[in-house]
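Me: Could you take a close look at one helix of this model and at what lies around it, going slowly enough for a first-year student to follow?

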Amino acid sequence: MTQAATTLKPVTLVPEARRMAFLPSLFSPALMLIGERTVYQFMSWLAPDDYTGGLWHFHERGSQPLFLSPDSNKRFRIACETNGYMGEVSAEAAGIIATLFALSHLSFRHEADQLADAYMRLYEFAGDHPEAGEIFKAID
């Protein structure tokens, strides 16, 4: 881990009292429901054998929204038809991958600086994640 990575604020779960504000903050108020659904759809597409729905965690850093991840301790087999990636990652890494796909996808359909900012913030975070190699192979 780099010196810069050790000085970054830790990622935390969004407290229950602030969950309602997470999606509008990540995707924008106008796109919050579309954004949430898009993350779930990408997760279903990426891990059809392992993801069957369920509860999700919301993650933030320094009160800024980062990503969603399935509330699960199991690992997910990810297969991306568009780039040939196949691998197995934690629920957290799977959520990062699905959220990055969703933010990218939405940013091409909606002109919203908030989506691009959220993508870049999460992309930067992913570079310091323990499963960064798998995350970047999956989204390449």
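Reply: **Helix α2 and its surroundings**

In helix α2 (residues 19–27), the buried residues are F22, L23, P24, L26 and F27, where buried means under 20% relative accessible area, exposed over 50%, and partly exposed in between, with a 1.4 Å probe and protein chains only. Helices (H or I, at least four residues) and strands (E, at least two) are DSSP runs numbered from the N terminus. This is a predicted model, in which local features need pLDDT of at least 70 and side-chain atom pairs count only at pLDDT 80 or more, while totals for chains, interfaces and linings use all residues. Residues are numbered from 1 along each chain as its sequence is written, and side-chain values use heavy atoms, with hydrogens and water left out.

The buried residues of α2 pack against α3 (32–46), β2 (56–61), β3 (64–70), α4 (91–109) and α5 (113–127), contact meaning heavy atoms within 4.5 Å. Just after α2 comes S28, whose phi is positive, near 105 degrees.

Turning to one of these partners, the axes of α2 and α5 come within 7 Å and cross at roughly 100 degrees; such axes are lines fitted to C-alpha atoms, for helices over the stretch in contact, and angles run from 0 to 180 degrees between N-to-C directions. The crossing therefore makes α2 roughly perpendicular to α5, since angles under 35 degrees count as roughly parallel, over 145 as roughly antiparallel, 65 to 115 as roughly perpendicular and the rest as oblique. P24, S25, L26 and F27 of α2 make the contact with Q114, L115, A118 and R121 of α5.

Two of the partners of α2, β2 and β3, are strands, and they belong to an open sheet of three strands in the order β1-β2-β3, with antiparallel pairing; two strands pair if DSSP finds at least two bridges between them. Because β1 (11–13) and β3 stand at the edges, each with a single partner strand, one side of each is left without a neighbour in the sheet. From one strand to the next, the twist averages 35 degrees. α4 packs on this sheet, touching β2 and β3, and its direction makes about 120 degrees with that of β3.

Within the sheet, three bridges join β1 to β2, and T12 stands opposite E60 in β2. E60 counts as buried because its relative accessibility is 5%.
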